[in-house]
Amino acid sequence: MFMELTEAKKNLQKKGFLDMEVDVRLDLFAEIERLKKEKNAILLAHYYQEPDIQDVADYIGDSLGLSQQAAKTDADIIVFAGVHFMAETAKILSPQKKVLLPDLKAGCSLADSAPPDLFARFKAQYPDHLVISYINCSAGIKALSDIICTSSNAEKIIESVPKDQPIIFAPDRNLGSYLIKKTGRDMVLWNGACMVHEIFSLEKITKLKVRHPKAKIIAHPECEAPILAIADFVGSTTGLLKFTQRDDAKEYIVVTETGILHQMQKENPNKTFIPAPPNNACACNDCPHMKLNTLEKLYLCMEYEQPEITMDETLRIAAKRPIDRMLEISAQAGL
Ligand code: SF4
């Protein structure tokens, strides 16, 4: 495909197409649909993407759903509207496909909190421990892990491990602490965290609850323990969405990234969803990494098939092994 690009397009790439202006008269929704068909591309979007991107995606989901979708698609190109470790996971599972990420700078504070070289030294201190890592980590951390998990399946994954087998859990200390409480397993935790889920204010949420006494508090397990302690329901992003569909409350205080409110509102038009406030005046409950992707960047990335995720094959094979293990355990448990 690269060889077929015109000289003009090659020059645009050299200049850095991310800085390109998109013609404002373009109907980006129609253009993206056209590119999907022309290039046999599938567009996967995480729940934390902006509503316009969610609305044009072929599949919207959280980490497990998106990685499973990436593994089974027969598209030639996977366009991943999410952050870097998610697109990496798609590449790990589909090495023969071209994987595109609209903005290569869309990283993740949680993944960045676990540099592989430091984690390898940490792991060496516990030679008899099994490493279970949350999927929100780099390929380098995945390659150092025995099993990957998501916030949806973590409990079952931990319970599948014999009780006398000691475990290291990485990289999220809040999710790890929550899982220690849920499973009763005394795991060694890596000290990482997500900047978005750590910013919520217990005091402001408590005051919000006073103003909305009938609202249920629903929270993601990446939040700190005092927030989880007052939640009516704790679950993965998909778990929170499903809870709002089956529960009979009319109002919810949602303690996770605000992007999920779009699907919650679409699925439950007669319910009210209130984003939980952060502990300062900024919009810090929006993930700044996720929100780097825009409809314009999505269009440009599909048009020019850049930026592409590439990976060393040895690393890819090592990182795939613990994901396969997760998918096997999930299938056995019917998850
Ligand atoms: S919300 Fe947190 S864990 Fe998710 S991508 Fe953003 S920084 Fe990473």
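This report covers the domains, one sheet and the ligand shell of a predicted model.

**Domains.** The domain assignment splits the chain into domain 1, domain 2 and domain 3. Their bounds are tabulated here.

| Domain | Residues |
|---|---|
| domain 1 | 2-106 + 290-310 |
| domain 2 | 110-194 + 316-332 |
| domain 3 | 202-275 |

Between domain 2 and domain 3, the C-alpha centres are 26 Å apart. The two domains touch: 9 residues of domain 2 are in contact with 10 residues of domain 3. On the domain 2 side, the touching residues comprise 3 nonpolar, 5 polar and 1 charged.

**Ligand shell.** Where does the ligand lie relative to domain 1 and domain 2? It lies between them, because both domain 1 (2-106 + 290-310) and domain 2 (110-194 + 316-332) contribute residues to the shell around it. There are 13 residues around the ligand. Those that come nearest are Cys108, Leu110, Cys194, Val196 and Cys287. By class, the shell has 9 nonpolar, 3 polar and 1 charged residues.

**Sheet.** An open sheet is built from 4 strands, ordered E6-E5-E7-E8. The pairing is parallel. Strand E6 (147-149) and strand E8 (188-189) are the edge strands. Each of these pairs on one side only. Strand E5 (residues 130-134) joins E6 through 3 bridges, in the parallel sense. Across this pair, Tyr134 stands opposite Cys149 in E6. In general, the strands of a sheet pair through backbone hydrogen bonds, either parallel or antiparallel.

Methods:
Residues are numbered from 1 along each chain as its sequence is written. This is a predicted model: local features need pLDDT of at least 70, side-chain atom pairs count only at pLDDT 80 or more; totals for chains, interfaces and linings use all residues. A residue is near a molecule or strand if its C-beta atom, placed from the backbone, lies within 6 Å of it. Ala, Val, Leu, Ile, Met, Phe, Trp, Tyr, Cys and Pro count as nonpolar, Asp, Glu, Lys and Arg as charged, and the others, Gly among them, as polar. Domain bounds come from an automatic or database domain assignment. Two strands pair if DSSP finds at least two bridges between them. Helices (H or I, at least four residues) and strands (E, at least two) are DSSP runs, numbered from the N terminus. Two residues are in contact if their C-beta atoms, placed from the backbone, lie within 7 Å.
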